[in-house]
Amino acid sequence: MPAATATATERACDHCGTAFVPENATERFCCAGCRFVHDLITSEGLGKFYELKGDDRLLPAGTAVLVPAPVGWAADTLATAEAAAENGLAKARLDLQGVTCMGCVWLIEAVFARSTGNARILVNAQRGEITLSWIAGQFDLAGFASRLAHFGYRLAPWTGRSDGLSASGLRLGLAGGLAMNAMAFTLPRYLGMDQGFALSGVFELVAAASATLSLLACGSYFISRAWSAVRVGRLHLDVPIAAGLVAAWLGSVVGWLHGHDRLLYFDFVATFIFLMLLGRRLQEASVTRNRARLLRADPLLQSVTVHTDGTSAPQPVSSLLHGQELSLPPAGVVPVNAELLSPRASLSLEWINGEATPRTWEAGAVIPAGAVSLGREEIRLRAREDWTDSLLARLSSPATETTDDPAARWLDRLLRVYLSIVLVLATVGGALWWQLGGDWSRALQVFISVLVVSCPCALGVAVPMAHELAVARLRRIGLFVRRADLWGRLRLVRRLVFDKTGTLTLETPQLNDPAALDRLSPPARHALAVLVRESRHPLAASLRQALASRYPESASTVRPSCDTAGRSSLHEVPGLGVHFTDTHGAVWSLGRPDWIPDHGPEGVSPASAGLPDPAGQEDTDTLLRCDGVPVAGFRFHEAARPDAATELDAFRQHGFALDILSGDRPEKVQALAATLGIPAAHAQARLSPEDKARWIESHAPDALFLGDGANDSLAFDAALVRGTPAVERGLLAEKADFYFLSRGLHPVSELFAVARARRRAVLSAFTFALAYNLAVVAVSLAGHMSPLLAAILMPLSSVVTLLIVSAHLRLPRPA
């Protein structure tokens with residue numbers, strides 16, 4: 001597959017194309033999820049996907065594809081759509097995560113085409129949406145969503161959020177058409193059309209009308225923004241753009257009415273508007289594409305099933321009240337502090353406080369908001385507070401927009417000086433020509449030409465192009481920029497602050513001895529795959545990932561075990577383990593070492609079962625048993641990301657201060673800090689979400705904060721720059737300036753390197769623009785600037801600045 005390598009030891013994943021460091025020469029995939037999806041695609045005859053994908057990079061599949069996706073929302077969506085069906089066809093619009101290329105669109109359409117009851121499908125990759133039509137009563141929406149999830153694409157109820165690109169696209173298209181009209185009907189005059197020609201007046205009228213319509217319908221975007229900025233005493237790039245447009249149009253109208261060709265800049269007005277809108281669209285589209293790759297919100301955080309007087313109905317989480325009873329599906333998030341009504345439940349607090357070890361609650365216990373259910377069955381709860389009083393409500397509130405942008409302040413000061421100089425030169429030049437020559441039209445031409453040629457056309461195209469090339473370069477290594485104003489704030493970062501679990505460490509514990517799986521007999525290995533397939537316990541997730549890496553067929557061929565009645569024979573005892581009965585009547589279990597299910601025959605020895613001797617496996621985190629007899633024990637450890645130590649050392653060498661903020665236990669935080677070379681005083685433990693935010697505000701106003709859980713949300717709001725490797729829940733990804741999808745931290749290092757290259761590119765383009773403006777303003781003041789010369793110089797200067805930017809931000813060639 002095509003690859004873009006950063007070092008000699010890296011290679012590109014055969015599925016997603018993300019660069020990674022292989023553990024051995026035969027390793028082809030960056031994660032077990034990518035191996036699983038690759039095998040699934042090829043085994044089902046969908047290999048054309050890779051032909052269409054080409055050099056495009058995908059989102060790494062991760063471990064989410066190895067476990068059934070939460071699709072509880074699908075039943076309500078299906079019922080609502082089929083209730084409104086017309087002519088037997090139901091229709092639904094959904095949010096879609098994971099689409100990055102034409103191959104993704106083709107694959108989703110191919111999967112839909114194999115679904116019973118399908119009718120039509122429309123995938124909007126740019127907006128991250130999908131519209132489905134199906135024959136009412138024949139289509140399994142939940143099954144289709146689950147199927148797509150195994151390929152790495154997630155569906156969720158449509159949020160209805162607009163990305164704003166539809167309006168800008170229409171504006172750009174209209175400006176392009178009007179610019180072509182203006183140029184087409186001005187060109188004959190430049191080529192020497194005789195003024196006595198019968199249609200010359202019509203040509204000028206069409207050019208004038210095209211420029212006027214372009215100014216009103218499209219240029220008003222810049223004029224309104226410039227006027228709003230001036231009213232509040234701020235200046236940005238739209239101010240000189242608007243000034244040049246208005247001056248050129250007014251001068252052109254005067255020249256048209258009085259028959260002075262030297263004042264006719266109608267074609268400049270229309271073309272300039274198109275080029276500026278093109279640059280703006282380029283910048284906005286790159287950010288919007290990165291936002292559209294992710295779900296706008298986690299469906300499990302949007303609604304909840306509430307039980308009232310024997311009836312059940314979905315209800316928005318935002319309307320949840322104290323005392324209401326609710327049910328939580330597997331992998332669901334407890335929305336408010338709630339009393340457990342089920343006999344027992346196993347939940348993880350990692351997302352809310354960073355504590356990686358799951359906990360078990362008994363009936364009557366109060367479970368904190370943000371806990372994630374790890375069980376296979378839904379649990380019943382009673383809300384102990386309103387949603388508005390919940391910690392999770394505060395954590396999921398939109399991020400505060402950054403208003404103190406240093407780049408904007410610098411540009412504001414620069415533009416004040418620039419505009420003052422341009423206005424003075426234009427006024428003085430025009431006045432001198434009028435004073436010395438007495439020709440008002442020549443004086444007006446000098447005044448207008450200075451304003452026209454000093455418009456920041458080159459910068460208006462080059463800066464968005466620098467942003468697009470920087471974003472594209474980062475996208476190739478798995479980092480996605482979500483906000484265009486990131487670059488100015490990134491320059492001020494002097495400290496990097498990390499959450500621990502899932503940020504500096506891998507998202508799941510790592511198996512100490514993966515070879516233990518090789519020592520299992522095929523029946524035992526198959527049983528283990530069944531036991532961990534649907535479990536969300538972190539130890540089960542680790543075993544599932546290890547099995548998928550060493551035995552890919554275990555992920556694609558294992559199905560839930562069922563009894564003779566077709567019911568699942570897989571049972572979970574919260575806090576203890578999971579067990580099932582195979583087709584031979586043997587009871588297999590995986591759980592706490594001291595737990596034995598109340599099932600199965602006794603006295604079966606490992607030898608008689610054809611299983612390895614478990615001697616020496618007493619010291620274990622979880623134990624696999626057959627009919628109560630130990631088969632294999634497994635130990636796990638929390639592992640730092642593969643390149644964490646080297647990347648942090650590189651950050652230190654570049655002068656960055658490093659800190660860890662975690663809600664986990666002090667001994668675990670200090671141990672990781674010591675491993676990574678971070679002093680104990682810079683590793684804080686047992687911090688609540690509020691504690692993290694206060695620490696950032698008081699100690700690190702210049703920090704880039706990297707986190708992955710809901711407990712990092714308030715710290716995100718306080719940080720100067722924020723990023724996350726976590727995209728599954730969508731909470732932090734919605735607030736982040738950037739997110740990255742990699743087992744390592746190297747994308748963050750590359751972010752700083754690309755930011756430096758982008759800054760050099762912009763400064764070089766600015767230097768050229770300054771020299772260009774000095775030259776053309778001199779020509780204008782000398783009275784030699786004409787509309788034809790301006791029409792030639794404007795695109796020519798833009799091309800030169802684009803070449804300068806491209807030279808600084810050249811993308812690496814595919815290997």
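This is a short talk on a few places in a predicted model.

Okay, hi everyone. One caution before I start: what you see up there is a prediction. I'll begin with a sheet and the helices on it, then go to a parallel strand group, and finish with a few single residues.

So, the sheet. It's open, it has four strands, and the order is E4-E5-E3-E6, with antiparallel pairing. At the edges you find strand E4, residues 118–124, and strand E6, residues 154–157, each pairing on one side only. From one strand to the next, the twist averages 30 degrees.

Let me zoom in on one edge. E4 pairs with strand E5, residues 129–135, through six bridges, in the antiparallel sense. If you want a spot to look at, find asparagine 118: opposite it, in E5, stands tryptophan 134.

Now the helices. Which strands does helix H3 lie across? H3 is residues 73–83, and the strands are E3, at 89–97, plus E5 and E6. Its direction makes an angle of about 145 degrees with E3. Then there's helix H5, residues 141–151, which also lies across E3, E5 and E6, running at about 140 degrees to E6.

How do H3 and H5 sit relative to each other? Their axes come within 8 Å, with a crossing angle of roughly 135 degrees. We'd call roughly antiparallel anything over 145 degrees, so H3 and H5 come out as oblique to each other. The crossing is right-handed. On the H3 side the contact uses Trp73, Ala74, Thr77 and Leu78, and on the H5 side Leu141, Ala142 and Ala145. Sort those residues by type and you get six nonpolar, one polar and no charged.

H5 has another partner, helix H4, residues 102–113. Here the axes of H4 and H5 come within 11 Å and cross at roughly 145 degrees. This crossing is right-handed too. Who meets whom? From H4 it's Leu107, Ile108, Val111 and Phe112, and from H5 it's Phe144, Arg147, Leu148 and Phe151. That contact splits into seven nonpolar residues, no polar ones and one charged.

Okay, let's jump a long way down the chain, to strand E25, residues 657–661. Is E25 mostly buried or exposed? Four of its five residues are buried, so the rest of the structure largely encloses this strand. As for its pairing, strand E17, residues 495–498, runs parallel to E25 and is joined to it by four bridges. One to click on: arginine 495 has alanine 657 of E25 as its bridge partner. E25 also pairs with E26, again in the parallel sense, over two bridges. There, isoleucine 660 has alanine 683 of E26 as its bridge partner.

E26 takes us to the backbone oddities. Most residues other than glycine have a negative phi. Arginine 686 isn't a glycine, yet its phi is positive, about 55 degrees. You'll find arginine 686 in the loop between strand E26, residues 683–684, and helix H22, residues 689–699. Its relative accessibility is 47%, so it counts as partly exposed.

Aspartate 627 is another non-glycine with a positive phi, about 55 degrees. This one belongs to the loop between strand E22, residues 622–626, and strand E23, residues 629–634. Buried or exposed, then? Aspartate 627 is buried, at 11% relative accessible area.

Next, serine 542, which is in helix H18, residues 538–550. With a relative accessibility of 4%, serine 542 counts as buried. What does it touch? Setting aside residues up to four places away in sequence, the list is Pro509, Gln510, Leu511 and Phe636. Take glutamine 510 from that list: it's 32 residues from serine 542 in sequence, while the C-alpha atoms are 6.0 Å apart.

And last, back near the start of the chain, glutamate 27. Its loop runs between strand E2, residues 19–20, and helix H1, residues 32–43. Not counting neighbours within four places in sequence, glutamate 27 contacts Arg11, Phe20 and Pro22. Arginine 11 is 16 residues away along the chain, and the C-alpha separation from glutamate 27 is 9.4 Å.

That's my tour. Happy to go back to any of these on the screen.

How values were computed:
Residues are numbered from 1 along each chain as its sequence is written. This is a predicted model: local features need pLDDT of at least 70, side-chain atom pairs count only at pLDDT 80 or more; totals for chains, interfaces and linings use all residues. Side-chain values use heavy atoms; hydrogens and water are left out. Two strands pair if DSSP finds at least two bridges between them. Axes are lines fitted to C-alpha atoms, for helices over the stretch in contact, and angles run from 0 to 180 degrees between N-to-C directions. Contact means heavy atoms within 4.5 Å. Angles under 35 degrees count as roughly parallel, over 145 as roughly antiparallel, 65 to 115 as roughly perpendicular and the rest as oblique. A crossing is left-handed if the near helix is turned anticlockwise from the far one by less than a right angle, and right-handed if clockwise. Ala, Val, Leu, Ile, Met, Phe, Trp, Tyr, Cys and Pro count as nonpolar, Asp, Glu, Lys and Arg as charged, and the others, Gly among them, as polar. Buried means under 20% relative accessible area, exposed over 50%, partly exposed in between (1.4 Å probe, protein chains only).
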